[in-house]
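Here are my notes on the model, set out as numbered points. Please read them with the structure open.

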There are 2 protein chains.
Amino acid sequence: MKPALANDTMIDEVSCLFGALGDASRLKILRTLLDTKKPLNQGGVAEAAGLSQANASKHLACLVRVGLVVRNPEGNTVYFTPVLPLVSDLCDLVCGHVSDRAKASYHALR
Amino acid sequence: MKPALANDTMIDEVSCLFGALGDASRLKILRTLLDTKKPLNQGGVAEAAGLSQANASKHLACLVRVGLVVRNPEGNTVYFTPVLPLVSDLCDLVCGHVSDRAKASYHALR
DNA sequence: CTACTCCACAACCAAACAGTAATATTACTG
DNA sequence: CAGTAATATTACTGTTTGGTTGTGGAGTAG
């Protein structure tokens, strides 16, 4: 099997995707989408994540661009859903690592 | 089990970690460390990744700060190693997703 | 000691980015 | 058609960040 970060094109694509995840507002959007079982429209996301309408629109567009969220319009409104299991897997991996590090540094101080 | 992105502190930590991955130069460093079996010092990383010394120093410090790379000094030089399997798992997940999307958009154009 | 290597750090610049406010667009309803 | 709700876009601002240059310090060899 080929190595994961084979060429520079792949490096650019992957850095864009990780960069999309490297922002607190976009993570709040993803958390909202993961927690809510029903599909949410942009207004619902903005309210639940505590963002303005224009801000949520831009962040959602970014998440859709890198393929972490899919966009399906229905008449007047647009519903967004996270791409599973990719998003939850990534969050679980990193959250587990952060928790482990916090626990380790806590125990190191005793 | 608690949801992954539980509180805002976790959001900040995770966004920092993903942000560290969201840069082409840092991904090149990680690719170098993953591909090279021997432990590399800063100069070796900088040369293999095509970065200047000061630039590699800053990026390596960033990766160490978020816990993706560990730093062990030996006398005059400092050797760096990626945190496994976390780094490889994250890269594999995202690279697979990018490949799938590219393949899908290719076949959609026929 | 001197000289050299490796690394960290500060200052600086330019580009990218997040957030806001205002406006435009699209789609539905009466 | 007018009116309204949902979303997209534009222009602008303040902040952040990647990269470079230069410098200083810690370790090592001669």
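Which residues does B:Leu5 touch, not counting residues up to four places away in sequence? Point 2 takes this up.

1. Ground rules. This is a predicted model, in which local features need pLDDT of at least 70, side-chain atom pairs count only at pLDDT 80 or more, and totals for chains, interfaces and linings use all residues. Residues are numbered from 1 along each chain as its sequence is written, chains are lettered from A and ligands numbered from 1 in the order in which they are written, and side-chain values use heavy atoms, with hydrogens and water left out.

2. B:Leu5. This residue sits in the segment before helix H1 (8-21) of chain B. In chain A it touches A:Leu27, A:Arg31, A:Cys91 and A:Cys95. In chain B it touches B:Met10, B:Ile11 and B:Val14. Contact means heavy atoms within 4.5 Å. B:Leu5 counts as buried, at 5% relative accessibility. Buried means under 20% relative accessible area, exposed over 50%, and partly exposed in between (1.4 Å probe, protein chains only).

3. Symmetry. Chain A superposes on chain B by a rotation of 180° with 0.0 Å of shift along the axis, at an RMSD of 0.1 Å. The two copies are thus related as by a two-fold rotation axis. The fit is by least squares on the C-alpha atoms of residues with pLDDT of at least 70 in both copies. Of the interface residues of chain A, 97% are also interface residues in chain B, so the copies meet through the same surface.

4. A:Phe18. Look at this one in helix H1 (residues 8-21) of chain A. Its relative accessible area is 0%, hence buried. Across the interface A:Phe18 touches B:Phe18, B:Leu21, B:Gly22, B:Leu90 and B:Val94. Within chain A, A:Phe18 and A:Leu90 are 72 residues apart in sequence, and their C-alpha atoms are 9.9 Å apart in space.

5. Fold of chain A. There are five helices and three strands. From the N terminus the order is α-α-β-α-α-β-β-α. Helices (H or I, at least four residues) and strands (E, at least two) are DSSP runs, numbered from the N terminus. Among contacts in chain A with a separation of 6 or more, 47% join residues 24 or more positions apart.

6. Dimensions of chain A. The radius of gyration is 16 Å, whereas a compact globule of 110 residues would have one near 13 Å. That value is taken over C-alpha atoms, and the globule rule is 2.2 Å times the number of residues to the power 0.38. The C-alpha trace spans about 55 × 40 × 25 Å along its principal axes. Of the 110 residues, 41% count as buried.

7. Cis peptides. Where are they? One joins A:Leu84 and A:Pro85, with omega about 0°. Another joins B:Leu84 and B:Pro85, with omega about 5°. A:Pro85 lies in the loop between strand S3 (77-82) and helix H5 (86-107) of chain A. B:Pro85 is in the loop between strand S3 (77-82) and helix H5 (86-107) of chain B.

8. B:His59. This residue belongs to helix H4 (residues 53-65) of chain B. It is buried, with a relative accessible area of 11%. Leaving aside neighbours within four places in sequence, B:His59 is in contact with B:Asp23, B:Ser25, B:Arg26, B:Ile29 and B:Leu51.
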